[in-house]
Amino acid sequence: MGDIVPQMFNGDFLEKDLDKLRANALTADDVDLLNAFLDEVAESVDALWKLTRWAADHFPPHLNCRAIACFQDDGYNLYRIRPLGPRLSKYRILYAYNNTVEELHFLAVVVKKPEKLPGGADPNDFYNYEPNHPISDRVRHEYDYRRFSKL
């Protein structure tokens with residue numbers, strides 16, 4: 001690890017995702033917790049290094065991270081964080097790891113798709129790493145726009 005510490009940056013749409021959660025009465029109260037969680041990640045050198053691995057767990061902050069296979073197979077160095085704990089475990093934070101300069105770019109905050117969608121729910125409000133989902137399209141576009149290196 002040496003003296004280099006991966007740097008963490010918010011992508012262009014991360015705050016918009018949080019604003020969307022803030023606007024929904026069912027998820028509004030979780031936004032402050034998500035921000036506090038991301039701050040805790042940013043302050044932990046060990047956690048930042050864990051985010052550069054294919055798969056890892058870290059405590060504290062309590063998280064599980066993993067490469068997203070469908071993106072990796074297409075050459076995108078994209079991962080997800082699953083916060084561990086009852087209140088935030090339904091969320092996933094998608095990020096790109098630019099290993100040429102040791103940067104982590106947080107691109108999206110999504111609600112993990114439940115096994116059964118609530119009645120009247122819009123499927124696009126939930127995410128399960130579907131390659132053709134609007135969130136997948138958006139993170140690929142931002143990855144390409146920022147010219148991160150492909151695998």
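In the predicted model, L33 lies in helix α2. The residue is partly exposed, with a relative accessible area of 34%. L33 touches R87 and L88, leaving aside residues up to four places away in sequence. The second of these contacts spans a long stretch of chain: L33 and L88 are 55 residues apart in sequence. In space, their C-alpha atoms are 7.7 Å apart.

Helix α2 also meets α1. The buried residues of α1 (14–23) pack against α2 (30–42). They pack as well against the strands β1 (7–10), β5 (91–98) and β6, and against α5. The buried residues of α1 are L14, D17, L18 and L21. They lie on the same side of the helix, because they cover an arc of only 95° around the axis. An α-helix has 3.6 residues a turn, so residues three or four places apart point the same way. The other side of α1 carries K16, K20 and A23, which are exposed.

Helix α1 also takes part in the largest pocket. The volume of this pocket is about 470 Å³. Its lining comprises 22 residues, of which K20, L21, V111, D125 and F126 are the closest to the centre. Three elements give two or more residues to the lining: α1 (14–23), β6 (103–111) and α5 (134–145). The most comes from α1, with four residues. By character, the lining divides into 11 nonpolar, four polar and seven charged residues. Two of the residues closest to the centre thus belong to the account of α1 given above. L21 is among the buried residues of the helix, whereas K20 is exposed on the other side.

Aromatic contacts were examined next. Five aromatic pairs are found across the whole structure. Y95 and F106 form a stacked pair, at 5.5 Å centre to centre and with 25° between the planes. Y95 lies in strand β5 and F106 in strand β6, so this pair ties together parts that are 11 residues apart in sequence. Y95 has 0% relative accessibility and counts as buried. F106 likewise counts as buried, at 0% relative accessibility. A second pair, Y127 and Y129, is edge-to-face. The ring centres of Y127 and Y129 are 5.3 Å apart, and the angle between the planes is 75°. Both Y127 and Y129 are buried. Elsewhere, ring pairs link Y76, Y143 and F148 into a cluster.

Strands β5 and β6 therefore appear in more than one setting, because Y95 of β5 and F106 of β6 form the tie described above. The buried residues of α1 pack against both strands. Strand β6 also gives two or more residues to the lining of the largest pocket.

A further site centres on N64. This residue is found in strand β3 (residues 63–67). N64 is buried, with a relative accessible area of 7%, against a cut-off of under 20%. Residues up to four places away in sequence aside, N64 touches A56, D57, R80, I81, R82 and L84. N64 and P83 are 19 residues apart in sequence. The C-alpha atoms of N64 and P83 are 6.5 Å apart in space.

Conventions. Residues are numbered from 1 along each chain as its sequence is written. This is a predicted model: local features need pLDDT of at least 70, side-chain atom pairs count only at pLDDT 80 or more; totals for chains, interfaces and linings use all residues. Side-chain values use heavy atoms; hydrogens and water are left out. On a 1 Å grid over the protein atoms alone, a cavity is a set of points where a 1.4 Å probe fits but cannot get out, and a pocket is an open set with protein on both sides within 12 Å along at least five of seven lines; lining residues have an atom within 4 Å of a point. Grid points are joined across faces, edges and corners, and a volume is the space filled by probe spheres set on the points. Ala, Val, Leu, Ile, Met, Phe, Trp, Tyr, Cys and Pro count as nonpolar, Asp, Glu, Lys and Arg as charged, and the others, Gly among them, as polar. Buried means under 20% relative accessible area, exposed over 50%, partly exposed in between (1.4 Å probe, protein chains only). The arc is that of the directions from the helix axis to the C-beta atoms. Contact means heavy atoms within 4.5 Å. Rings of Phe, Tyr and Trp (its six-membered ring) pair if their centres lie within 6.5 Å; planes under 30 degrees apart count as stacked, over 60 as edge-to-face and the rest as tilted.
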